[in-house]
Amino acid sequence: MKQRIGILKVLLLVLAMQNVTLSNGQNKRLSLDSLEISLLTCSPRQQIYSLYGHTAIRLRDMRTGLDVAVNYGVFSFDKPLFVPRFVFGMTDYEIGIIPFKYFIKEYKDGGSRVVQQVLNLTPDEKMLVFDAIQVNLLPENKYYRYNFFYDNCTTRARDIIVNNIKGGINYTSRNGGTFREIIHQKNEHYPWARFGNDLLLGIGSDMPTTQEQRQFLPDNLMYDFENATRNDNHKRLVEKTTTIIDAKPPVLDKGFPLTPNHCALLLLVITIVITIVEFVKSTRMIYFDVFLMLFVSTTGIILFLMIFSQHPTVRLNLQILILNPLPFFFIKRLIKRHRKGIKDKQHIIWVALACLFFIGGFFQLYADGMYLLALSLLIRSLKGLLSNCNTRLTIGSPEKV
């Protein structure tokens, strides 16, 4: 749903000239009756960040030769702290105008499928859309605060069209789903991308959505437009649908060969084996617990910081019950008490949090492998409660209990 700024510098002059064309009122009056406005829906390209596709608007005038793509998904990876700003919902996207032939070439080279839907608009509505785009192009309006679900390149394109149709439009009702379920349709074959999304998304992404909210995804908006009708004359909103580029979906790199579930299962097996060995040999391998505490604390910093994100669907995340920075403050205490042979009751906290985590699963869908991780933590916490800690820890070797 994003397009990186990467157009050759030689095109900058062309783009500037095109913006002038769009701002020329005389040109607008001369070409309005032959102006064609279309919705462009692009399938994913060969980058993981484009996994959900992209939407743009095409303005085409066969009389004057005007043919441009209006793109609300322009951004740059080169801006300082791009990734942290994106995660915390502080990324500004902008509207860009590019000659259609260059826009389509970029998606063709990327192996993307592009579908065009010519919209059934009156001349007055075309003028309203055209004027609205020109207003968006003003320096004070061209930037907007991007939000993946609520304000992105697809919702911006939809709003500038729908808000300028007199009488509005009527969508054909269809089955819904939550935000999380909708993006699962796109990332189900990419387990680590799915894991990353599900790890950051909180309980807000598991709430029912309206049909308009589900249109944040380009394919959903394309489908809804295809089956929508105008309220004033009950005619179809889409006058003609054409596949400009017909390409097979690209095969993206799936990353690490093991899935999150595989990794979590491996950790659980190791946890069970170590715990059984401790019971059989009356030992305590405390540094395995230290490793787990460091792991969940480090990962938990990310979820803790998400509380302050501007994305509303990530702030309340029940996975923070087991992934949080709190264990950092107990590691030194655990080692110190173990060396002195003193029983540490901090494990009661971790048992309670793990139990709350499992209860929270009735309200939030967790990332793959999280239940297995929670079970590993619960096993070690229960083992800590059952341990008598009668002898001191021998550094680098199992401890007698």
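## A buried salt bridge between distant segments

In this predicted model, Glu125 and Arg230 form a salt bridge whose closest N and O atoms are 2.7 Å apart. The pair links distant parts of the chain, with Glu125 in helix H5 and Arg230 in strand E9 (residues 229-230), 105 residues apart. Glu125 and Arg230 are both buried.

## Other salt bridges

The whole structure contains 21 salt bridges. In one of them, Arg145 is paired with Asp92, and the closest N and O atoms are 2.6 Å apart. Because Arg145 lies in strand E7 (residues 143-145) and Asp92 in strand E5, this pair ties together parts that are 53 residues apart in sequence. Arg145 is partly exposed, at 34% relative accessibility, and Asp92 is likewise partly exposed, at 30%.

A further salt bridge joins the side chains of Lys186 and Asp219, with an N to O distance of 2.3 Å. Lys186 belongs to helix H7 and Asp219 to helix H9, so the pair ties together parts that are 33 residues apart in sequence. Lys186 counts as partly exposed, with a relative accessibility of 22%; Asp219 is also partly exposed, with a relative accessible area of 29%. Elsewhere, a network of salt bridges links Glu278, Arg284, Asp289, Arg380 and Lys383.

## Helix H7 and its cover

Helix H7 spans residues 179-187, and its buried residues are Phe179, Arg180, Ile182, Ile183, His184 and Asn187. The elements that cover these buried residues include helix H8 (191-200) and helix H9 (218-226). Helix H9 thus appears twice in the description of H7: as part of this cover, and as the element that holds Asp219, the salt-bridge partner of Lys186.

## Nonpolar cores

In soluble globular proteins, nonpolar side chains tend to be buried together. The largest nonpolar core of this model has 48 residues, of which Leu59, Ile133 and Phe225 touch the most other members. At least two residues of this core come from each of strand E2 (35-42), strand E3 (54-61), strand E4 (67-75), strand E5 (92-99), helix H5 (123-136), helix H6 (153-162), H7 and H9. The greatest contribution is that of H6, which gives five residues.

A second core, separate from the largest one, has 29 residues, including Phe195, Leu199, Leu323 and Phe357.

## Cysteines

The count of disulfides is zero. Cys42 is in no disulfide, and the nearest cysteine sulfur, that of Cys153, is 9.0 Å away. This pair is not counted because a disulfide requires sulfur atoms within 2.5 Å. Cys42 is buried, with a relative accessible area of 1%, whereas Cys263 is partly exposed, at 27%.

## A nonpolar surface patch

On the surface, a nonpolar patch is formed by Leu294, Ile301, Phe304, Leu305, Ile307, Phe308, Leu326, Phe328, Phe329 and Ile349. Together these residues have about 890 Å² of accessible area. Helix H11 (residues 286-306) supplies the largest share of the patch, four residues.

Ile301 is one of the patch residues and is found in helix H11. With a relative accessible area of 34%, Ile301 is partly exposed. Ile301 therefore passes the cut-off for patch residues, which is over 30% relative accessible area.

## The loop between H5 and E7

Asn141 lies in the loop between H5 and E7 and counts as partly exposed, at 30% relative accessibility. When residues up to four places away in sequence are not counted, Asn141 touches Val135 and Asn136. The C-alpha atoms of Asn141 and Ile95 are separated by 8.8 Å, while the two residues are 46 residues apart along the chain.

## Overall architecture

The protein has 14 helices and 12 strands. Of its 401 residues, 50% are buried. Among contacts with a separation of 6 or more, 80% are between residues 24 or more positions apart. The salt bridge between Glu125 and Arg230, 105 residues apart, is one example of a pairing across the chain.

The accessible surface of the protein comes to about 19600 Å². Carbon and sulfur atoms account for 62% of this surface.

Methods
Residues are numbered from 1 along each chain as its sequence is written. This is a predicted model: local features need pLDDT of at least 70, side-chain atom pairs count only at pLDDT 80 or more; totals for chains, interfaces and linings use all residues. Side-chain values use heavy atoms; hydrogens and water are left out. Buried means under 20% relative accessible area, exposed over 50%, partly exposed in between (1.4 Å probe, protein chains only). Contact means heavy atoms within 4.5 Å. A nonpolar core is a set of buried Ala, Val, Leu, Ile, Met, Phe, Trp, Tyr and Cys residues joined through side-chain atoms within 4.5 Å. Patches are made of residues with over 30% relative accessible area and no salt bridge: like charges are joined within 9 Å, nonpolar side chains (Val, Leu, Ile, Met, Phe, Trp, Tyr) within 5 Å. Accessible areas come from the Shrake-Rupley method with a 1.4 Å probe; for residues, only the protein chains shown count as cover. A salt bridge is a side-chain nitrogen of Lys or Arg within 4 Å of a carboxyl oxygen of Asp or Glu.
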